[in-house]
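Work through the exercises below with the sequence and the model at hand. Each task is followed by a solution in steps.

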Amino acid sequence: MGSTAAGALLLLLLAVVPAVFAVTYQVGDIGFWNSGVDYTDWVTGKTFRVGDTLEFQYGPSHSVAVVNKAGFDACDSTGATQTFSGGDTKIDLTTVGTMHFICPTPGHCQGGMKLAVTVLAAVPPPATPSPPPSPKSPPPSPRTPPSSTPSPKSPPSSTPPKPAPHSPRKPKTPPPSASPPANGTPKSETPSSPSPTTPSPSPMTSPSPSPSPPINAVSKGVMMSYGMMAITMLLMYGIMS
């Protein structure tokens, strides 16, 4: 599609550029094609190229004849290749070289109505820059397919939970029994305190204190023993006296 558009644009430029740069020259300028004009001086400083046009404007007593170099020098129109009349003649310059024109009316060419024009090649059209190639879009990056392998789950732990350690219970110590002496002699009995078994200390549980023996029973036993001893001593003192 891009190359077709570029080709059509080039053809359009080739067709338009010559028409744009072509020049139409009014022969003689304001003097036209007429007697009394120096056409050798008129062409000085002008450049004629292929594609340009010469326009001859003249009155009814004049005409235009295209002749070769010999006819131009001798003012002889018998070998003219083209002859024009009508008052307004336009001649296109189509070939490179020198073209010769004279007025075939007798005496006019000798009076100066003759023109020699050197035609140069046409101006080449400016180079048309070729359209830059359209950048190719990079191929899309492939998408990463989702992973179909499920991630392994960690198996449940088969180790049973450890039971919480239990602190051993301390055996209860029975209170000592206070019994009166058999032969009247009071015996002072001190309650024996059993040695407590010291359990291994638990990291989280502190050992409980051992229970103390009941105070009321011990006090009563001691008081009764002292009372019996006092009675016995009084009786022995009474007998001896």
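**Exercise 1. A charged pair**

Lys69 is partly exposed, with a relative accessible area of 48%. The model is a predicted one. Find which side chain meets that of Lys69 in a salt bridge, and describe where the two residues lie.

Solution.
- Step 1: The side chains of Lys69 and Asp73 meet in a salt bridge, at 2.6 Å from N to O. The cut-off for such a pair is 4 Å, so the distance qualifies.
- Step 2: Both Lys69 and Asp73 belong to helix H3, where they are four residues apart, about one turn of the helix.
- Step 3: Asp73 is also partly exposed, with a relative accessible area of 46%.
- Step 4: The structure holds one salt bridge. Side chains of opposite charge can pair when their charged atoms come close.

**Exercise 2. The cysteines**

Decide which cysteines form a disulfide, and explain why Cys103 has no bond to Cys109.

Solution.
- Step 1: Cys75 and Cys109 form a disulfide, with 2.1 Å between their sulfur atoms.
- Step 2: Cys75 sits in the loop between helix H3 (69-74) and strand E5 (82-84), while Cys109 sits in the loop between strand E7 (97-102) and strand E8 (114-120), so the disulfide ties together parts 34 residues apart in sequence.
- Step 3: The torsion about the S-S bond is about -65 degrees, so the disulfide is left-handed.
- Step 4: For Cys103, the closest cysteine sulfur is that of Cys109, 8.2 Å away, which is too far for a bond.
- Step 5: Cys109 is buried, with a relative accessible area of 3%, and Cys103 is buried at 1%.
- Step 6: The structure holds one disulfide.

**Exercise 3. The nonpolar cores**

Name residues with the most contacts inside the largest nonpolar core, then list what Phe56 touches.

Solution.
- Step 1: The largest nonpolar core has 21 residues. Those with the most contacts inside it are Val27, Trp33, Phe48, Leu54, Phe56, Phe101 and Leu115.
- Step 2: Helix H2 (39-43) and strands E3 (53-57), E4 (64-67), E7 and E8 each give two or more residues to this core.
- Step 3: Leaving aside residues up to four places away in sequence, Phe56 touches Val27, Trp33, Val64, Gly87, Asp88, Thr89, Ile91, Phe101 and Leu115.
- Step 4: A second, separate core has six residues, among them Ala65, Val67, Phe72 and Cys75. Cys75 is also one half of the disulfide with Cys109.
- Step 5: In soluble globular proteins, nonpolar side chains tend to be buried together.

**Exercise 4. The surface**

Is Leu235 buried or exposed, and which residues make a nonpolar surface patch with Leu235?

Solution.
- Step 1: Leu235 is found in helix H4, which covers residues 215-240.
- Step 2: The relative accessible area of Leu235 is 56%, and the residue is exposed.
- Step 3: Met228, Ile231 and Leu235 make a nonpolar surface patch of about 310 Å².
- Step 4: The accessible surface of the protein comes to about 18800 Å², and 63% of that belongs to carbon and sulfur atoms.

**Exercise 5. The overall build**

How many helices and strands does the protein have, and in what pattern do they follow one another?

Solution.
- Step 1: The secondary structure comes to four helices and eight strands.
- Step 2: Along the sequence, the pattern is α-β-α-β-β-β-α-β-β-β-β-α.
- Step 3: Of the 241 residues, 18% count as buried.
- Step 4: Among contacts with a separation of 6 or more, 70% come from residues 24 or more positions apart.

Terms used. Residues are numbered from 1 along each chain as its sequence is written. This is a predicted model: local features need pLDDT of at least 70, side-chain atom pairs count only at pLDDT 80 or more; totals for chains, interfaces and linings use all residues. Side-chain values use heavy atoms; hydrogens and water are left out. A disulfide is a pair of cysteine sulfur atoms within 2.5 Å. Buried means under 20% relative accessible area, exposed over 50%, partly exposed in between (1.4 Å probe, protein chains only). A nonpolar core is a set of buried Ala, Val, Leu, Ile, Met, Phe, Trp, Tyr and Cys residues joined through side-chain atoms within 4.5 Å. Contact means heavy atoms within 4.5 Å. Accessible areas come from the Shrake-Rupley method with a 1.4 Å probe; for residues, only the protein chains shown count as cover. Patches are made of residues with over 30% relative accessible area and no salt bridge: like charges are joined within 9 Å, nonpolar side chains (Val, Leu, Ile, Met, Phe, Trp, Tyr) within 5 Å.
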